[in-house]
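Student: Please take me through one part of this model closely, then show how it sits in the whole. I want residues, partners and distances. Keep it brisk.

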Amino acid sequence: MRVKRGTVRKNNRKRILKRVEGYYGARHKLFKTAKEANIKAEQHAFNGRKERKQEFRKLWIRRISAACKLNDISYSQFMHGLSLANVQLNRKMLSEIAGTNPEEFKNLVATAKDALAKASK
């Protein structure tokens with residue numbers, strides 16, 4: 001007995017073509033090109049989810065670095081001082097503090113500088 005696959009194939013094609021609605025040209029009309037476009041799009045989406053995390057970390061570091069320069073300390077010295085002082089704030093929170101509450105960030109810089117001074121003695 002042969003397998004006709006009528007509804008299975010039709011549903012698969014509909015599923016793929018539904019995903020690529022709005023794509024340009026043949027990419028949203030022809031099944032083979034639509035399937036290839038969908039595979040590529042999913043690869044880019046997967047990579048984008050990984051890259052987003054890297055981009056945000058870079059952004060937070062830039063914000064912290066800019067705030068550190070205003071307080072006459074380098075980013076690396078600031079982070080090293082915080083680790084010596086056992087201040088366990090992540091970069092996301094540090095960038096938020098630097099942007100919204102500069103006085104509190106000055107206190108953190110002072111803490112880092114004190115810890116660096118104690119470590120150098």
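**The loop histidine and its setting**

Tutor: H28 sits in the loop between helix 1 (6-19) and helix 2 (31-70). Keep in mind that this is a predicted model. How accessible is H28? Its relative accessibility is 31%, so H28 counts as partly exposed. That verdict follows because the value falls between the 20% limit for buried and the 50% limit for exposed.

Now the partners. Set aside the neighbours within four places in sequence. H28 then contacts L17, V20, G22 and Y23. L17 falls within the span of helix 1, residues 6-19. Y23 deserves a second look. A polar atom of the H28 side chain lies 2.8 Å from the backbone oxygen of Y23. So Y23 appears twice: in the contact list of H28, and as the residue whose backbone oxygen pairs with the H28 side chain.

For scale, look along the chain. H28 and L82 are 54 residues apart in sequence, and their C-alpha atoms are separated by 53 Å. L82 belongs to helix 3, which covers 75-84.

Step back to the whole protein. There are five helices and zero strands. Read along the sequence, the pattern is α-α-α-α-α. The radius of gyration is 26 Å, well over the 14 Å that the globule rule gives for 121 residues, so the protein is more spread out than a compact globule. Along the principal axes, the C-alpha atoms fill a box of roughly 85 × 35 × 20 Å. Buried residues make up 22% of the 121 residues. The protein exposes about 9500 Å², and carbon and sulfur atoms supply 53% of that area. As for charge, there are 30 positive and 10 negative side chains. The centres of those two sets lie 16 Å apart. Contacts also reach along the sequence: of those between residues at least 6 apart, 46% join residues at least 24 apart.

Next, follow helix 2 to its far end. N71 is found in the loop between helix 2 and helix 3. N71 counts as buried because its relative accessibility is 15%, under the 20% limit. Its side chain reaches the backbone oxygen of A67 at 2.9 Å. Beyond its neighbours within four places, N71 contacts F105, K106, V109 and K113. Those four partners fall within helix 5, residues 102-120.

Take K113 from that list. It lies in helix 5. K113 counts as partly exposed, at 35% relative accessibility. Neighbours within four places aside, K113 contacts N71, D72 and I73. A polar atom of the K113 side chain lies 3.2 Å from the backbone oxygen of N71. So N71 takes part in two polar pairs: its side chain with the backbone oxygen of A67, and its own backbone oxygen with the side chain of K113. K113 also gives a second long span back to the stretch where we began. K113 and Y24 are 89 residues apart along the chain, with their C-alpha atoms separated by 57 Å.

A110 lies in helix 5 too. It is partly exposed, with a relative accessible area of 35%. A110 and G81 are 29 residues apart along the chain, yet their C-alpha atoms are separated by 9.3 Å.

Then helix 4. S95 lies in this helix, residues 91-100. Its relative accessible area is 3%, so S95 is buried. The S95 side chain reaches the backbone oxygen of K92 at 2.9 Å. Outside its neighbours within four places, S95 contacts W60, R63 and I64. Those partners fall within helix 2, which covers 31-70.

Last, two backbone oddities. Most residues other than glycine have a negative phi. R5, not a glycine, has a positive phi of about 60°. R5 is found in the segment before helix 1. N86 also has a positive phi of about 60°, and is not a glycine either. N86 sits in the loop between helix 3 (75-84) and helix 4. Its relative accessibility is 63%, so N86 counts as exposed.

Back to the start. The loop histidine H28 is partly exposed, and its side chain pairs with the backbone oxygen of Y23.

Key. Residues numbered from 1 in each chain as written. Predicted model: local features only at pLDDT ≥ 70, side-chain atom pairs only at ≥ 80, totals over all residues. Heavy atoms only, no water. Helix = DSSP H or I, 4+ residues; strand = E, 2+ residues; numbered from the N terminus. Rg over C-alpha atoms; globule rule 2.2 N^0.38 Å. Buried < 20%, exposed > 50% of the residue type's maximum accessible area, 1.4 Å probe, protein only. Contact = heavy atoms within 4.5 Å. Areas by Shrake-Rupley, 256 points an atom, 1.4 Å probe, with all protein chains shown as cover. Lys, Arg positive; Asp, Glu negative; His and termini not counted. Charge placed at Lys NZ, Arg CZ, Asp CG, Glu CD. Polar contact = N/O pair within 3.5 Å; in protein donor to acceptor, adjacent residues only side chain to side chain.
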